[in-house]
Amino acid sequence: MKRTLPLLSLWVLVLSPGVARAQVAGGESGYDAGIEAVEPTDEQVAVGLAGADPADIGRYLIAESGAARGAQLSPDGSTLAFLWAVTGEPQLWIQPATGGQPQRLTYGSGVTFFRWAPGGQALLYGADDDGDEQEAYFVVRASGADERRALPAVSGGFRAFGDFVSADRVAYASTERNGLDFDLYVADLSDGEARLVREGRFGMFVRSVSPDGQYAVVAETVGEDSDNLYLLDLATGGLDTLSAPDRRASHAGGGIAWDPDGSGFYLATNRDRDVAALTFYRLGEGFETVEAPAGDVEGVHLCGRGGRYLAWTVNDGGYSRLQVRDREGGAALDMPDLPEGVYGLDCGTGSPRLAVTVSGWRTPGDVVVWDLGTGDVHRPFRSDLAGLDPSRLVRPESVTMPARDGVQLQGLLYLPDATSRAAAGTDDGPPPVVFFVHGGPTSQSRPGFDPVVQYHVDRGLAVFEPNVRGSSGFGHTYVTLDDQERRLDSVRDLVDMLEWLGDAGLVDADRAAVVGGSYGGYAVNAVLAAYPGHFVAGASLYGVADWVTALDVASPALKASDRIEYGDISEPRWRAFYGENSPVRQADGIDVPVLYSHGARDPRIDIAETETMVRSLRSRGVEAPFVRFLDEGHGWRKLSNRLFYYRYQAAFLEGVLVGAE
């Protein structure tokens with residue numbers, strides 16, 4: 001089996017003598033220019049011909065970039081705004097809600113978030129500097145004719161937008177006071193004056209502001225999956241506890257939707273239950289369960305004048321199931337025909353229209369607008385498949401299996417068809433498999449559009465997306481099974497899943513690679529180090545090597561939750577635990593090629609984490625190619641960088657699993 005990395009036409013090898021550290025924004029110490037690394041160039045990338053089978057990976061990535069993200073309706077429901085990366089970076093666009101020509105509003109650095117201002121005449125958006133996550137806030141007129149910086153970026157100021165308080169005032173959280181704790185602010189967008197309402201500790205975030213602008217619902221981070229809930233008086237800074245249960249619970253992750261009369265708000269919470277239920281919190285009284293389905297409730301919204309319609313989704317094995325109830329009479333509405341996948345919801349407060357953004361295995365990112373009053377359905381935005389044949393896209397199969405300790409595990413399995421396997425030469429027995437491990441660690445692998453997965457499947461490889469213990473979407477008990485000392489149990493799950501898939505004859509377990517980014521990158525390092533002999537290659541993207549250093553220098557947002565997930569690294573017991581159980585301490589066990597990559601501006605996981613692993617493997621003669629991005633942070637935003645990296649990763653994986661052509 002060949003394990004050499006095929007040469008690619010689009011790369012630059014960077015090697016500087018000595019060990020100079022080039023200082024860049026983001027991260028803790030800059031990058032080590034003395035480490036041999038591949039860096040992208042601006043050369044044009046060919047993407048092959050439309051309809052070709054198998055299609056070039058560039059077409060899959062371009063299809064993803066052509067998707068609408070986070071669509072929001074203007075307050076009157078007439079105009080749709082969304083993020084669209086068709087130009088190479090996510091920018092803000094608008095178009096009529098029933099269809100029409102999209103209009104681009106922003107042209108600078110990629111947009112990180114946006115919100116319609118009350119009245120619908122302008123939008124607020126955030127943008128940072130090449131992924132450093134230290135945002136400035138801007139206001140742009142919906143006509144596109146006027147734009148201004150409302151709040152400049154502040155060094156060390158990681159911001160998290162909350163909500164509008166009034167037409168010109170916003171509430172948000174920021175670490176600008178000390179670079180660590182998220183404090184709560186109200187800022188006047190007309191003059192940029194910001195007022196500190198309340199000092200926070202670790203992670204406190206504004207989730208929604210009451211209709212009269214008097215109160216904000218505030219969530220305090222408790223681990224990656226949970227929070228405590230408070231009511232903040234925006235005038236006095238007084239904070240009342242609404243829910244801080246002994247057994248941690250999630251309250252704000254599924255959305256906060258205030259009743260227009262200000263009496264309370266709808267939310268999704270797993271307080272006193274294993275999965276999140278649709279709940280109403282009445283001020284001065286408490287929580288009332290409205291609907292308790294078998295899966296987690298998500299995306300809670302009130303739509304139309306007076307909040308007549310209550311909309312939400314249910315996480316059903318990863319797929320979103322839409323539900324809408326007319327609060328005048330309580331009748332459930334019949335659902336329109338929607339593409340299956342993962343849904344994001346939004347609606348205008350003065351209109352009965354509901355916008356549904358759909359990401360599915362065959363749908364990169366469409367927007368459906370449903371008038372809840374008339375029943376009319378429009379599809380103003382249809383994503384372009386960039387010349388891909390939709391019949392070649394594969395629907396995943398949900399697979400469950402037991403771990404060695406009896407815990408039931410779940411994942412999504414994508415299997416290539418006979419045509420793909422024959423063309424790739426993988427039709428002699430079960431296909432090779434690539435594990436794609438999600439980050440978080442409490443994320444969930446769901447059946448949204450994934451261009452890299454679909455590319456590999458069409459090239460004759462199976463792809464498995466494991467939801468190891470600790471993943472969300474399967475209840476509170478499941479998501480806590482990897483906390484602190486049990487962290488390594490979730491790493492072991494990867495081995496148990498691979499063995500089960502192999503024993504079932506679904507994949508060739510002797511030809512398996514493991515890939516992951518962020519926490520998933522840690523999982524790659526960990527499973528290859530602790531369980532050698534199972535995976536024959538790995539690709540770790542901006543992952544952790546040493547939990548002691550990673551937790552020491554983590555960004556403020558991560559520090560806010562890491563204490564619950566991993567333990568407080570300032571305590572000797574946790575420093576000792578991770579000093580022994582971090583991948584770099586066990587790196588001698590890695591004896592297979594591993595592709596590493598990292599952005600030099602990453603504020604979450606320092607690039608030094610990846611550099612440490614690269615040095616360790618190379619010192620023992622283990623192949624460890626390294627792709628370094630000087631203009632990226634925690635992940636690849638720019639289409640040019642995504643095209644470069646995923647072509648490189650695909651060649652690496654196929655060279656190991658199938659053999660270099």
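Trainee: Is serine 109 buried or exposed, or something in between?

Mentor: In this predicted model, serine 109 is partly exposed, because its relative accessible area is 29%, which falls between the 20% limit for buried and the 50% limit for exposed.

Trainee: Where does serine 109 lie, and which residues is it in contact with, leaving aside neighbours within four places in sequence?

Mentor: Look for serine 109 in the loop between strand 8 (103-104) and strand 9 (111-116). Apart from those sequence neighbours, serine 109 touches Glu89, Gln91, Ala127, Asp128 and Asp130. Take Asp130 as an example: 21 residues separate serine 109 and aspartate 130 along the chain, while their C-alpha atoms are 7.2 Å apart.

Trainee: Let's turn to strands. How many residues of strand 15 are buried?

Mentor: For strand 15 (residues 183-188), 5 of the 6 residues are buried, so this strand is largely enclosed by the rest of the structure.

Trainee: Which strands does strand 15 run antiparallel to?

Mentor: One is strand 14 (residues 169-174), joined to strand 15 by 6 bridges. Another is strand 16 (residues 194-198), where 4 bridges make the antiparallel link. You can follow alanine 187 across: valine 170 stands opposite alanine 187, and in strand 16 the bridge partner of alanine 187 is alanine 194. Strand 15 and strand 16 form a hairpin with 5 residues between the strands, and there glycine 192 has a positive phi near 80 degrees.

Trainee: What should I keep in mind about side chains when I look along a strand?

Mentor: The general idea is that side chains in a regular strand alternate between the two faces of the sheet. For a sheet to explore here, try the open one made of 4 strands, in the order 17-18-19-20 and with antiparallel pairing.

Trainee: Which are the edge strands of that sheet?

Mentor: Strand 17 (204-209) and strand 20 (239-243) are the edges, since each pairs on one side only. On average, neighbouring strands of this sheet are turned by 35 degrees against each other, ignoring direction. At one edge, strand 17 is joined to strand 18 (residues 215-222) by 5 bridges in an antiparallel arrangement. Methionine 204 faces glutamate 220 of strand 18 there.

Trainee: Now helices. What describes two packed helices?

Mentor: Two values do: the angle between the axes and the distance between them. For helix 1 and helix 3, the angle is about 150 degrees and the axes are 9 Å apart. That makes helix 1 roughly antiparallel to helix 3, as the angle is over the cut-off of 145 degrees. The crossing of helix 1 past helix 3 is right-handed.

Trainee: Which residues make that contact between helix 1 and helix 3?

Mentor: Helix 1 brings Ile57, Tyr60, Leu61 and Glu64, and helix 3 brings Pro451, Val452, Gln454, Tyr455 and Asp458. Sorted by class, there are 6 nonpolar, 1 polar and 2 charged residues in this contact.

Trainee: At what angle do the axes of helix 5 and helix 6 cross?

Mentor: The axes of helix 5 (residues 487-503) and helix 6 cross at roughly 70 degrees and come within 10 Å. Helix 5 is therefore roughly perpendicular to helix 6. Arg487, Leu488, Ser490, Val491, Leu494 and Val495 of helix 5 meet Tyr519, Tyr522, Ala523, Ala526 and Val527 of helix 6. This contact divides into 9 nonpolar, 1 polar and 1 charged residues.

Trainee: What about the backbone: which residues are joined by cis peptide bonds?

Mentor: One such bond joins aspartate 53 and proline 54, with omega about 5 degrees. Proline 54 sits in the loop between strand 4 (37-39) and helix 1 (57-65). Another runs from glycine 440 to proline 441, with omega near 10 degrees. Proline 441 belongs to the loop between strand 34 (433-437) and helix 3 (451-458).

Trainee: And which residues other than glycine have a positive phi?

Mentor: Among them is alanine 386, with phi of about 55 degrees, in the loop between strand 31 (377-381) and strand 32 (397-402). Alanine 386 counts as buried because its relative accessibility is 13%. Serine 518 is another, with phi near 65 degrees. Serine 518 lies in the loop between strand 36 (512-517) and helix 6 (519-530), and it also counts as buried, at 18% relative accessibility.

Technical notes: Residues are numbered from 1 along each chain as its sequence is written. Side-chain values use heavy atoms; hydrogens and water are left out. Helices (H or I, at least four residues) and strands (E, at least two) are DSSP runs, numbered from the N terminus. Buried means under 20% relative accessible area, exposed over 50%, partly exposed in between (1.4 Å probe, protein chains only). Axes are lines fitted to C-alpha atoms, for helices over the stretch in contact, and angles run from 0 to 180 degrees between N-to-C directions. Angles under 35 degrees count as roughly parallel, over 145 as roughly antiparallel, 65 to 115 as roughly perpendicular and the rest as oblique. Contact means heavy atoms within 4.5 Å. Ala, Val, Leu, Ile, Met, Phe, Trp, Tyr, Cys and Pro count as nonpolar, Asp, Glu, Lys and Arg as charged, and the others, Gly among them, as polar. Two strands pair if DSSP finds at least two bridges between them. A crossing is left-handed if the near helix is turned anticlockwise from the far one by less than a right angle, and right-handed if clockwise.
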